[in-house]
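Let's take a walk through this structure, looking at charged side-chain pairs and then at a sheet.

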Amino acid sequence: MNSSSIKIKDYKLYKAKAKLKKPIADATHTLHEISFLVLRIQLENGIVGESYLLSFQYSPEAIKGALKDLLPEVKKFEVNETGKFYQHLDHLSEYFGNQGINRWAQALINVAMWDAWGKYLNQPIHKIFGTYRDKCAIYGSGGWISYSIDELIEEVTGYASRGFKAVKIKVGSPNWRTDVLRLQKVREAVGNDINIMMDANQGMDLPSAIQLAKSAENLGVYWFEEPLNHQNFDGYEMLKRSTGISLAMGEREYDTLPLLQLLQKKAIDIWQPDLLRIGGVEMWRESASLAQSYHVPVLPHYYKDYDVPLVCSVPNGVGVESFDWIDPLIDNPMQLKDGFAIPHEGAGWGFNFLDDCLTEIKW
């Protein structure tokens with residue numbers, strides 16, 4: 001291997017947008033924009049690695065500023081030095097804090113480096129790490145609180161007609177009884193052969209979460225995601241003891257310390273790391289290993305095109321979440337069949353954003 005050929009020569013940052021007919025809302029946020037930052041890094045040998053993060057309308061200048069600070073450092077490294085570069089950025093970011101916006105920037109670069117390294121090796125990511133399975137379960141996500149009942153039913157039955165075996169809807173309405181009604185309508189629409197999950201996006205207090213969990217028991221709700229503030233570890237422990245419902249958390253975390261707290265309290269049943277928040281591939285895999293040591297499965301948050309190969313490469317990976325937002329914007333959408341996702345077989349992550357969908361960001 002010619003080490004000079006895998007040094008990182010240049011980088012460019014772009015923005016892309018998905019179509020959104022009208023704003024959508026969960027229990028805590030209203031989304032007016034579905035947007036993405038797309039990073040491309042170029043090696044000395046011409047290989048281009050790509051990554052993206054989901055940005056919505058939030059803090060667009062802050063994340064660009066973090067990337068403006070950190071991206072020049074990437075030229076000091078070879079593309080396979082993902083761990084060394086991660087530690088380097090940790091040191092640079094420590095003064096203002098490693099978590100939050102700096103972690104997102106750190107992860108975006110990390111994911112692009114892995115794409116370029118996979119392309120150099122001419123291997124897909126799941127084969128680089130070793131494959132435990134050649135497909136994984138996938139569930140349809142959405143069910144926004146802002147949806148009317150008709151819109152909600154249209155979405156979940158659409159997922160069912162496409163072969164999905166599970167759907168997730170938002171809860172956390174001002175009155176938990178409204179959530180029960182919506183769950184009942186979904187169960188009636190999809191029947192008993194489809195799993196239903198519910199996600200409150202940290203939007204509930206403990207008494208309401210307990211009431212909703214108990215009321216949802218007869219509807220066969222598979223798990224309850226983020227009902228409380230993600231740092232309310234005692235609340236999750238009490239909710240688990242009071243109801244017995246399966247609890248899923250992880251998407252808000254920037255390291256593994258909250259996971260350890262929840263594991264020790266026996267207050268988590270499904271670990272849901274967000275690849276960009278937790279810091280990239282190495283940290284994602286570290287968190288999966290910690291969950292595995294407590295026999296907790298991994299079912300990550302949002303990034304299906306990255307998560308499918310990662311889930312297929314760990315022993316406790318069980319499934320992924322699906323949104324269709326980037327599918328029209330990329331050259332190789334994820335293959336889905338009978339409720340399962342098939343990892344991309346192309347080198348690296350196996351997909352790229354279409355040039356026509358990208359607007360370059362100039363600093």
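Glu61 and Lys64 sit three residues apart in helix α1 (residues 60-70), about one turn of the helix. In this predicted model, their side chains meet in a salt bridge, with 3.0 Å from N to O. Glu61 is exposed, at 56% relative accessible area, whereas Lys64 counts as buried at 18%.

Helix α3 offers another such pair: Lys119 and Asp115 both belong to this helix, four residues apart, about one turn. In helix α8 (residues 233-243), Arg241 and Glu237 are likewise four residues apart and separated by about one helical turn. Here are the three pairs with their N to O distances:

| Salt bridge | Closest N and O atoms |
|---|---|
| Glu61 and Lys64 | 3.0 Å |
| Lys119 and Asp115 | 2.9 Å |
| Arg241 and Glu237 | 3.0 Å |

Is Asp115 buried or exposed? Asp115 is buried, with a relative accessible area of 0%, while Lys119 is partly exposed at 21%. As for the α8 pair, Arg241 is exposed at 69% and Glu237 counts as buried at 17%. Elsewhere, salt bridges with shared partners join Lys168, Lys170, Asp199, Glu225 and Glu321 into one network. The structure holds 26 salt bridges.

Now to the sheet. Four strands make an open, antiparallel sheet in the order β5-β4-β1-β15. β5 (48-54) and β15 (359-360) are at the edges with a single partner strand each, so one side of each has no neighbour in the sheet. Helix α3 (residues 101-121) packs on this sheet, touching β1, β4 (34-43) and β5, and its direction makes about 145 degrees with that of β5. Strand β1 (residues 8-18) pairs with β15 over two bridges; Tyr14 has Glu360 in β15 as its bridge partner.

Notes:
Residues are numbered from 1 along each chain as its sequence is written. This is a predicted model: local features need pLDDT of at least 70, side-chain atom pairs count only at pLDDT 80 or more; totals for chains, interfaces and linings use all residues. Side-chain values use heavy atoms; hydrogens and water are left out. Two strands pair if DSSP finds at least two bridges between them. Contact means heavy atoms within 4.5 Å. Axes are lines fitted to C-alpha atoms, for helices over the stretch in contact, and angles run from 0 to 180 degrees between N-to-C directions. A salt bridge is a side-chain nitrogen of Lys or Arg within 4 Å of a carboxyl oxygen of Asp or Glu. Buried means under 20% relative accessible area, exposed over 50%, partly exposed in between (1.4 Å probe, protein chains only).
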